[in-house]
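This report covers surface patches and one loop residue. Please view the model alongside the text.

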Amino acid sequence: SAFAMAEDLHALGFVFLGVLLTSLADISPAMNALKYKLPPTDEDSLQRLLGEIFEGDLDEFRDYCMEEDAWEKVVELLDEEDGAGWDLLNDLCFAR
């Protein structure tokens with residue numbers, strides 16, 4: 001059904017976002033020396049950030065991500081092609 005598909009796309013969007021933020025994080029040796037720890041990237045935390053804190057505003061979420069030095073390259077990747085990555089995340093995360 002359409003509802004089930006929307007639910008699956010929604011879940012996929014948050015899994016995809018979590019994978020991007022963890023696997024493409026760029027933690028420098030200096031950050032390691034300071035025992036830097038990435039912010040939570042589990043699905044519940046990301047849903048809370050996008051849904052409750054930033055109220056669905058991906059531009060604000062982008063700014064939040066850009067403030068994390070480790071995620072700068074992730075933001076740059078999502079910014080490519082006039083923000084095509086952010087558009088995809090928007091379509092997935094807010095599919096329902």
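## Patches and a loop residue

Helix α5 (residues 72-93) contributes the most to the negative patch, giving seven residues. This is a predicted model: local features need pLDDT of at least 70, side-chain atom pairs count only at pLDDT 80 or more, and totals for chains, interfaces and linings use all residues. Residues are numbered from 1 along each chain as its sequence is written, and side-chain values use heavy atoms, without hydrogens and water.

Helices are DSSP runs of H or I with at least four residues, numbered from the N terminus. The negative patch consists of Glu67, Asp69, Glu72, Glu76, Glu80, Glu81, Asp82, Asp87 and Asp91. Patch residues have over 30% relative accessible area (1.4 Å probe, Shrake-Rupley) and no salt bridge (Lys or Arg side-chain nitrogen within 4 Å of an Asp or Glu carboxyl oxygen). Like charges are joined within 9 Å, nonpolar side chains within 5 Å. Asp and Glu count as negative, and their charges are placed at CG of Asp or CD of Glu.

Met5, Leu9 and Leu12 make a nonpolar surface patch of about 280 Å².

Three residues show the accessibility classes: buried is under 20% relative accessible area, exposed over 50%, partly exposed in between.

| Residue | Place | Relative accessibility | Class |
|---|---|---|---|
| Glu67 | helix α4 (residues 58-67) | 65% | exposed |
| Leu9 | helix α1 (residues 2-23) | 33% | partly exposed |
| Thr41 | loop between α2 (29-33) and α3 (43-53) | 18% | buried |

What does Thr41 touch, not counting residues up to four places away in sequence? Its contacts (heavy atoms within 4.5 Å) are Gly18, Leu21, Thr22, Leu46 and Trp71.

Technical notes. Helices (H or I, at least four residues) and strands (E, at least two) are DSSP runs, numbered from the N terminus. Buried means under 20% relative accessible area, exposed over 50%, partly exposed in between (1.4 Å probe, protein chains only).
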